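This report goes from the whole chain down to one strand. Look at the overall outline before turning to the details.

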Amino acid sequence: MKLMPTAAIMLALLAPAVPATAADGDYSATIRRTEYGIPHITAKDYGGLGFGYGYAFAQDNLCTLASWVVTLRGERSRYFGPKAQSDDPAKPVANLASDVYYKSVAESGVVRRLLARPAPVGPSDELRRLVDGYVAGYNRYLADTGVANLPDPTCRGKAWVGPITAGDMWNNLLDLDRMSSSARFKEAITGIAEREAEGPEPKPAAGSNAWALGRQATRGNGGMVLADPHFPWQGIRRFYQVQLTIPGVLDVSGGSLYGTPVVQIGHNARVAWTHTVSHAQRFTVYRLKLADDHSYLVDGRAEPMGEQEVEVTLPDGTVSGHTLRTSRYGPVLAVGHTDEAAYALADANAANLRAADEWLAMARAGSLDELRAAQRTHQGMPFVHTLATDASGTAYFADTSVVPHVTDAEAKRCAEPSPVPGLDAYVLDGSTSACLWGRDGDAVVPGIFGPGNQPRLIRADYVANSNNTYWMTNPAKPLTGYPKAYGETGTDLEPRPRVGLDMIAQRLSGADGLGAPGFTLETLQATVRGKRNLTFELMRDDLLKLCRAHRSSSGPGADVREACKTLEKWDGRATLDGEGAILWREFFTRLGRPTKPGEPVFSPWRVPFDPARPLTTPSGLKSDDPAVRQALADAVLYFTSNRIPLTLTPGQAQSYSSIPIPGCTEGEGCFDRVRTGGPLGTDGRYPEVNTGSSFMMAVALTPDGPRTRTVLTYSLSANPASPHHTDQTALFSRGGWVTERFTEAEIAADPRLETVTIHGGR
């Protein structure tokens, strides 16, 4: 590899495998499994805790992590072919594009440099021990079992399965932090186009719902949290449910993303927290004014582009060579080039390993103040809002995520046109140092906004977010005045955030039929299980007007009378047996299409969005518009021509591992939404559910300790031969929850308790 001496930003982008560090002594951990196989891991130190966690995780999901390690090492082309699709659950690309990208990560040295830094920029000693122990535990399970005897047929006996290293783990943590930035642009960075890939369309991005309820919103006057992350149902970005305990030091329970040794969403005895994906800026694109083919101008002086040579091994043993170019800002993109300009990607998470330590510190927090202090210390949240509460019943929201320091004035002054459609970032002038990112005095690293500039709100009633921007966190106190890099204010909330805020308002007033006002753990669960479809609620009256107009005649191209009867009877809930739910989805989906190719998307709303009324607009249906009538006729025609019953239900149309799944889509205004892998087939079935509610957690912090209900929608194990492959999925299908066992007494009382103590060398 040749890396020319240019910018420090690109040098911080990507990294090599690093062996686990050695230490004296042995690892020891106890793994107890309760209902649904949920592991509770106890050890006397961080190394032992990681050892137990790595071992337990490997028992359930070794194949998923083994495949991802092949990805992180840039070896997918060798084992699976260069044109097959990668195992990235968010945006799969051709294996060759994936390998070139991750090889550049592995060979740039960023992880090595970060490991040489003290905390908080580099990892803490505790996190290092956790990672080393996790690697040792995974490898111990693999050595004990043997590749040829693995219980999961997905990778049993495969040549690509082997021991992992601490470097693999650090690279996974880095890649998680860059999931919403550099990792999205593998093709643009490598120049290997998506059209070379084979397989299904890229899967949708992650989202989430989250509520933190304060003492004024709860019946028991303590804090409550609802966590409902909407992450992929396959691959490395699934959640694993676990409790991690070092007596007297750490006791945390919740959801932990595959291949990470910390809990991302969870609670301890006194604090609970969750996250939603923030759509703040994570990167900027810099327009480079070219001096010649190999250099660009900054402040009138030519700077040479760096070059990184990357080689990828193919199945026949030959090598595919690629040259990537770099700049002071970051990688030079392979798109948008002209004779005069090129474009570079500057990623605020390029050298961020701080998130894991932040989650570890949050897990140890004994109060909301201590959780906030952990966030100020590490400043590593890569792309998420945080919502939290504690036993005092104080509710907290903040966008503490990593955001490039670009003020509104700088964004306007330095703006350049986007090089290609879809680069939804600030494009800035790279020919002047006046357009470099700024620095806050309270920021832990240069180039990002510090805590003093971050949107935040503390309330005694509630804070809520469903991937909307921060301004409607609580309608009683709209947030404004923050840099636009965090998101716009005064914009359409969209249906899913609106229905979430309405669910809270109805519970606080008692108008939802669930009893006296205020949240209990039971009414929180019932609220979430409601399966409301907000767009149907808002458009129903106008839809029925349209139906009455066609009561004695057919619509344009199809007879809509039976469809109207079905929709009139439907209660607007996307339950398993909701007759009309799928018909509505197909009609509503067609409403959002352009009326003609090349024309703007049609808006079906009768009352447009009004920023002065964000909770009640838009509303109604343009029932007299020919496009609306045509959309209904087209939907009905699809059903009738394929002999699909108009009463098709979610339980009949959508499933995961052959288990029927309730719910509807985000665009329809469904709270705990689901997405499928494609459109409704002519057989009346969607492709398998691939994204949606994943690790759901409802927790009440009481004087007697936490009371918690959870459900892992796709279950604990990706292994199809495991008894825990779909057991929680079946529970989720019928609206059930798991009563969490957190205390020693609760764990010991499980009649199905299984306990094993494992030991291993360091």
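## Overall size

The radius of gyration is taken over C-alpha atoms, and the globule rule is 2.2 Å times the number of residues to the power 0.38. The model shown here is predicted. For 762 residues, the rule puts a compact globule near 27 Å, and the chain has 26 Å, which agrees. Along the principal axes, the C-alpha atoms fill a box of roughly 80 × 70 × 55 Å.

## Build and packing

The chain contains 20 helices and 29 strands. Of its 762 residues, 61% count as buried. Among contacts with a separation of 6 or more, 69% are between residues 24 or more positions apart.

## Surface and charge

About 27500 Å² of the chain is exposed, and 51% of this area comes from carbon and sulfur atoms. The side chains include 77 positive and 83 negative ones. The centres of these two sets lie 3 Å apart.

## Strand β19

Strand β19 covers residues 462-465. In a regular strand, side chains alternate between the two faces of the sheet. Are the residues on the two sides of β19 buried or exposed? Tyr462 and Ala464 on one side are buried, and so are Val463 and Asn465 on the other. Both faces of the strand are therefore covered, given that buried means under 20% relative accessible area.

Strand β3, residues 207-213, pairs with β19 in the antiparallel sense over four bridges. Which residue of β19 is the bridge partner of Trp211? The partner is Ala464, one of the buried residues named above.

Technical notes:
Residues are numbered from 1 along each chain as its sequence is written. Side-chain values use heavy atoms; hydrogens and water are left out. Buried means under 20% relative accessible area, exposed over 50%, partly exposed in between (1.4 Å probe, protein chains only). Two strands pair if DSSP finds at least two bridges between them. Contact means heavy atoms within 4.5 Å. Accessible areas come from the Shrake-Rupley method with a 1.4 Å probe; for residues, only the protein chains shown count as cover. Lys and Arg count as positive and Asp and Glu as negative; His and the chain ends are not counted. The place of a charge is taken as NZ of Lys, CZ of Arg, CG of Asp or CD of Glu.
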